[in-house]
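Colleague: Hi, could you pull up the model and talk me through it?
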Amino acid sequence: MTRRGGASAGPRRAPYVFLLPGLALFALFFALPIGYAVFLSFRRVEVEGLGLGSGAREEVWAGLANYTAALGDSELLAGALRVLGYGAIVVPAMLGAALLFALMLDADRRGRRETWLRGFSRLAIFLPYAVPGVIAALLWGFLYLPDVSPFHHALGAAGLPEPDLLDGGPLYVALANIAVWGGTGFNMIVIYTSLRAVPTEVYEAARLDGCSQWQIALRIKIPMVVPSLVLTFFFSLIATLQVFSEPTTLKPLTNSVPTTWSPLMKVYQDAFVKGDIHSAAATAVVIAAVTLVLSFGFLKAANSRTKQQGATR
Amino acid sequence: MQSTPLRRLAAASLAAALSAAALTGCGSSGDSGSGPAELTYWAWAPGMDKVAELWNKENPDIQVTVKKQASGDDLVTKILTAAKAGEAPDLVQAEYQALPTLVSGDVLADISDEVKDAGKAFPAGVWQQVTLGSDAVYALPQDSGPMMFYYREDLFEQYGLEVPGTWQEFADTARELKKQAPDKALTTFSSNDSGLFAGLAQQAGAKWWTTSGEQWKVGIDDAATRKVADFWGGLVEEGAIDNQPMYTPAWNKAMNTGEQLAWVSAVWAPGTLTTAAPDTKGKWAMAPLPQWDASKERTGSWGGSTTGVSRDCDHPEAAAEFATWLNTDPEALAALVKEGGIYPAATAAQTGGALAEPPAFFANQPDFYTEAAEIAKTTAPAAWGPNVNVAYGTFKDEFGKAAKSKKAEAFATALESMHRATVADLTKQGFGVAG
Amino acid sequence: MSATVAPGPRDTRYPPGARAGSPVSRPAGARRRPGRLVPTAVLLLGAVYCLLPVAWVLVAATKSGRELFSTFTFLPGSGFADNLTDLSAYRDGVYWRWMANSAFYSGLGALLSTAVSALSGYTLAVHRFRGREAVFNVLLAGVLMPPVILAVPQYLLMAEAGLADSYLSVLLPSILSPYGVYLARIYAAAAVPADLVEASRMDGAGEWRIFRAIALPMMLPGLVTVFLFQFVAVWNNFLLPYIMLGDDEKFPVTLGLYTLLQQGSNTPALYTLVITGALLAIVPLIALFLLIQRFWSLDLLSGAVKS
């Protein structure tokens with residue numbers, strides 16, 4: 001249990017020793033590949049003649065050519081705009097639902113054993129997160145495609161109009177729904193675990209002051225889980241900008257989702273279908289840069305806001 | 001293989017870190033000393049391991065291990081990446097249209113010396129696809145996919161429809177059916193499988209990639225292909241056929257319930273129909289593809305694959321010997337038909353033997369494979385280039401848009417875009433491109 | 001890039017008025033009833049929304065290939081036993097090997113990942129040292145590069161290290177998770193009081209001992225969450241093993257199911273096997289979740305503060 005070697009690390013040296021495993025892994029499996037990807041983004045393959053036979057293919061420096069191509073690509077821009085529209089639905093809906101469910105799970109706890117219904121719901125809401133992508137494709141195919149959808153079946157039977165979920169505006173909702181379905185449980189658990197970290201005594205004090213459940217949730221619980229909310233928002237934002245699996249899931253089912261629907265799909269298309277890792281790397285770097293600005297900008301803003309609030313009180 | 005300083009440095013530090021942790025990895029390169037030649041084979045055909053077992057029993061000095069893969073466009077990239085790292089398997093299963101890409105990526109070895117006169121076992125049009133029109137041999141043909149017309153015999157009778165002999169008749173049949181049963185369709189134009197469209201263009205006489213000297217010539221937007229695009233665009237625009245993609249749950253249902261009465265497909269269709277439309281067993285029949293010129297029987301091909309030997313292989317002779325056995329030996333081919341349900345490319349294996357009986361799903365058509373062999377003989381030559389993947393990717397997007405718009409002119413525009421994107425990609429990569 | 005939100009020492013975290021340590025007493029009973037019904041109702045609604053599609057997998061797994069595309073979506077079929085037999089028979093039971101591989105990758109990967117996350121997160125939350133924010137931000141920035149593009153460089157590096165197509169090639173890159181580190185930092189900040197760490201130091205406890213004996217138990221419920229997330233993430237990871245592995249004996253279950261779907265143009269996808277396989281692949285995750293649920297009911301702070 002007690003390791004003398006580690007114990008000798010003084011408070012000054014200890015943090016660096018403790019961070020060593022994490023940083024070493026980071027260097028090997030993130031930093032190196034990222035560096036290599038960036039390196040690849042400045043290279044390109046130069047072919048000669050027919051390109052057949054060995055030696056006809058050579059990797060050469062490309063300068064900024066891959067970047068100018070990526071930035072000038074109208075399809076990439078269109079994809080980025082689609083993703084913004086999609087994110088505007090997903091992020092609020094998913095985080096809103098996750099926060100709501102987490103608060104409901106935590107409501108009225110006071111040391112009482114939770115009912116099995118809540119335990120069951122918690123599992124049920126988390127479960128979609130465990131469904132692998134290939135299965136999600138099949139599943140939503142069955143639920144969205146008009147000819148096989150039980151919902152269309154029900155709407156038709158009730159004499160209501162049957163919307164085409166795989167086109168136009170509804171397509172965004174259909175895509176967002178897959179993300180919300182798959183991600184709400186995960187975020188709910190993050191927030192819920194945070195809520196559990198708040199000591200019960202805090203609520204009891206508030207209750208004694210005459211606060212209702214609703215007020216406790218709004219005035220105490222939500223401010224307490226702000227770090228978790230920021231965390232979930234931060235990662236949801238990144239996940240949205242890197243959206244890939246939902247549109248890829250629906251793509252084969254409809255004519256309305258091109259292979260470059262989202263910027264990351266274009267990266268995949270370039271790297272894995274066209275076999276052009278260099279263009280793909282450049283596009284990925286651009287996406288990463290935009291993500292960096294947006295997500296860390298958000299973190300910074302959120303940070304200074306919390307600090308300000310702390311100062312004024 | 002190309003190894004950059006950065007990668008060396010990176011790899012060195014990775015290797016150092018890992019060996020410091022005293023972990024041993026298993027290198028994949030086989031020993032090239034004494035003992036049997038150990039070959040790895042990436043393949044996706046089902047039952048390939050069983051066929052390899054037959055070989056392993058007879059040939060203790062050449063042992064083949066099958067590593068099953070998922071097929072798909074991305075497998076080509078996976079093989080290219082492995083080859084780049086010097087980790088490519090000894091043998092690979094590759095589709096015909098991927099061969100120029102793999103050759104250009106320096107993955108496949110020229111095995112012309114090893115396979116000697118194996119070419120005689122295959123139809124000329126198929127053999128030309130594995131030589132890329134040169135003196136080299138980059139792979140041995142395994143299976144082929146001559147295209148055919150499948151239709152619901154019972155429903156055709158019910159609606160009084162004739163089996164179309166020409167595309168004109170095909171269009172008339174589609175219209176006639178729509179008139180009688182507006183909620184049914186003869187078939188659909190699917191934008192999610194580029195291979196089907198490529199095969200139809202091939203039948204019409206298109207040559208998408210040709211070479212002249214040291215230059216590639218792209219002919220995607222040629223007259224033959226335009227004819228095909230206009231034809232299907234016209235049918236979609238007037239609503240004579242459906243515009244939804246194939247292989248979706250909805251398509252399966254349409255096939256199973258008879259909402260769609262026909263399917264332009266290839267020789268392997270019975271297998272697909274068995275899973276997609278299990279309730280229709282014995283109700284289908286197969287006929288030659290409708291023709292553009294009734295006096296000149298032609299068909300295209302859709303699907304089919306080859307066995308190639310990689311340049312990373314330490315025992316190319318042994319690998320070529322296995323590949324030759326696998327694709328020409330009667331015992332091997334019979335096993336491939338039985339275990340993998342493939343349609344062999346070797347001429348001798350296309351009739352009799354394992355293919356004497358029709359597929360179980362087509363028990364009502366006893367001469368299924370006799371007829372198939374006749375059709376296979378009329379296969380038009382195929383012409384693939386080094387960036388089929390780019391053309392195919394663009395097809396899905398552009399024709400998806402066109403099918404959605406239901407406008408015939410959109411199909412022509414889509415074809416132009418596909419042509420342009422393909423040429424632009426070749427030029428960008430530095431290939432010699434003619435006019 | 002010095003942005004942080006993750007709380008430092010916990011002094012400023014409680015909003016005014018919410019002081020810990022007030023005497024506990026029974027609240028007025030009048031408000032209790034609606035307060036109990038509404039949350040449960042809302043949760044059940046969410047559960048139905050989430051379960052409906054999962055129910056589809058369950059129902060579809062009972063259908064034979066014939067029934068899958070012909071009977072009503074939510075009507076159970078009659079082929080579950082056959083599907084199960086077929087799945088077990090496929091390539092001499094390779095499916096169970098995939099399951100075992102997945103359990104190995106996910107179990108060991110998540111365990112190591114949780115350990116690294118705990119240590120890093122704790123250090124970042126509790127220790128004050130030069131470069132703390134920089135380290136944290138750099139670790140976080142790891143999620144910015146899309147995994148799709150990292151897979152190929154990772155493969156090339158692994159190949160040069162002689163590790164391509166090995167168990168390690170999938171296991172090693174799964175260990176570090178920026179998300180896990182971030183979560184662990186938040187939980188450590190919330191659960192490990194700075195004054196307690198300081199007090200232990202005064203008592204002469206070594207840094208490792210403080211982490212191991214004091215902080216770790218307090219962080220446990222949070223770490224259990226990190227473990228769960230990592231387990232699921234590795235279990236469902238597709239692209240990394242797809243690129244790294246050529247040998248289907250080493251495939252995890254997601255990749256195996258993918259090979260069943262993509263059989264090649266002349267062979268139809270084995271839908272019934274895939275769906276049955278997917279259902280079985282969810283079962284261990286449910287079991288894990290149920291096991292882990294127990295830890296959440298522990299109060300994060302109880303136990304530790306008193307000791």
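Modeller: Sure, here are some notes on a helix and on the overall layout. This is a predicted model, where local features need pLDDT of at least 70, side-chain atom pairs count only at pLDDT 80 or more, and totals for chains, interfaces and linings use all residues. Residues are numbered from 1 along each chain as its sequence is written, while chains are lettered from A and ligands numbered from 1 in the order in which they are written.

Colleague: Is helix 11 of chain B covered or open?
Modeller: Mostly covered: seven of the nine residues in helix 11 (249-257) of chain B are buried. Buried means 20 or more other C-beta atoms within 10 Å of the residue's own, with C-beta atoms placed from the backbone. Helices here are DSSP runs of H or I with at least four residues, and strands are E runs of at least two, numbered from the N terminus.

Colleague: Which residues are buried there?
Modeller: Among them are B:Trp251, B:Asn252 and B:Met255.

Colleague: And what covers them?
Modeller: The cover includes helix 6 (133-144) of chain A and helix 12 (269-276) of chain B. Contact means C-beta atoms, placed from the backbone, within 7 Å.

Colleague: What comes just after helix 11 of chain B?
Modeller: B:Gly258, with a positive phi of about 80°.

Colleague: Switching topic, how many helices and strands does chain A have?
Modeller: Chain A has 14 helices and two strands. Its radius of gyration is 25 Å, well over the 20 Å from the globule rule for 313 residues, so chain A is more spread out than a compact globule. That radius is taken over C-alpha atoms, and the rule is 2.2 Å times the number of residues to the power 0.38.

Note on methods. A residue is buried if 20 or more other C-beta atoms lie within 10 Å of its own, exposed if 12 or fewer, and partly exposed in between; C-beta atoms are placed from the backbone. Two residues are in contact if their C-beta atoms, placed from the backbone, lie within 7 Å.
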